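Here is a short round of questions and answers on one chain. Keep the viewer open while you read.

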Amino acid sequence: MSFIKKTTAELSANPFETIGKDWFLLTAGTPEQFNTMTCSWGAMGVIWNDPAVTAYVRTNRHTFGYLEESPLFTISVLPEEYRKVLSYCGSHSGRDVDKVKETGLTPVTLGGAPAFAEARLVFVCEKVYAQMLDENCFVLPETKTAYYSKDPMHKMYIGRIKAVYVNE
Ligand SMILES: Cc1cc2nc3c(=O)[nH]c(=O)nc-3n(C[C@H](O)[C@H](O)[C@H](O)COP(=O)(O)O)c2cc1C
């Protein structure tokens, strides 16, 4: 298998499935030094006339520091057989473990950013806009209570899609 560069118009992915059911690895940093974590919240769409991915990352994630420093981030969507790997990367912190070593994932550089060779789909995104979610802006207070009573707030990152790679 090898990565073929595609346009977003050529994709048939359903974002609700890809994000919410398949999950993805959000990776930020340089090809030499990066961290990755599992995400199942996010959005794919169009803003400022560009195709974009939005990710939501709580400030206590180790990946958060890398995201803050990196102009780019990648979204790696893995085949179903990597579900255990995704669960691992979503329940262990890069502060404590080397996720690449523990999972056997193969880092690869795509569009100048770190991603994984096992992915079936990779988005290389350039940060355009980043903003903390504001607890005062919840219209539905029960959502704030449900998600932020004990855990820190998410920061929202809107990334312009610079390149899409499909592993075929
Ligand atoms: C299925 C799944 C989805 C997750 N989605 C998110 C998410 O969208 N945003 C987030 O901040 N954390 C999410 N997490 C939690 C992080 O992946 C988890 O805290 C991870 O260990 C952080 O790793 P890090 O400290 O190395 O960055 C999710 C975890 C799982 C298992």
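Ala, Val, Leu, Ile, Met, Phe, Trp, Tyr, Cys and Pro count as nonpolar, Asp, Glu, Lys and Arg as charged, and the others, Gly among them, as polar. This is a predicted model: local features need pLDDT of at least 70, side-chain atom pairs count only at pLDDT 80 or more, and totals for chains, interfaces and linings use all residues. Residues are numbered from 1 along each chain as its sequence is written.

Q: How do the residues of the shell around the ligand divide into nonpolar, polar and charged?
A: A residue is near the ligand if its C-beta atom, placed from the backbone, lies within 6 Å of it. There are 20 residues around the ligand, and His62, Thr63, Gly90, Ser93 and Gly94 come nearest. The shell divides into six nonpolar, eleven polar and three charged.

Q: Which element gives the most to the shell around the ligand?
A: Helices (H or I, at least four residues) and strands (E, at least two) are DSSP runs, numbered from the N terminus. Strand S3 (34-39), S5 and helix H2 (62-69) each give two or more residues to the shell. The one that gives the most, with four residues, is S3.

Q: Is Trp48 buried or exposed?
A: Buried takes 20 or more other C-beta atoms within 10 Å of the residue's own, exposed 12 or fewer, and partly exposed lies in between, with C-beta atoms placed from the backbone. Trp48 lies in the loop between strand S4 (42-47) and strand S5 (50-58). Its phi is near 50 degrees, a positive value in a residue other than glycine. Trp48 has 9 C-beta neighbours inside 10 Å, so it counts as exposed.

Q: What is phi of Asn49 near?
A: Asn49 is also placed in the loop between S4 and S5. With 7 other C-beta atoms within 10 Å, Asn49 is exposed. Asn49 is a residue other than glycine, yet its phi is positive, near 65 degrees.

Q: Which residue in S8 is the bridge partner of Leu110?
A: Strands pair if DSSP finds at least two bridges between them. Four bridges join S7 (residues 107-110) to S8 (residues 113-116), and the two run antiparallel. They form a hairpin with two residues between them, and Gly111 in the turn has a positive phi of about 55 degrees. The partner of Leu110 in S8 is Ala113.

Q: What percentage of the 168 residues in the chain do buried residues make up?
A: The chain has five helices and ten strands. Its C-alpha atoms fill a box of roughly 45 × 40 × 30 Å, taken along the principal axes. Of the 168 residues, the buried share is 32%.
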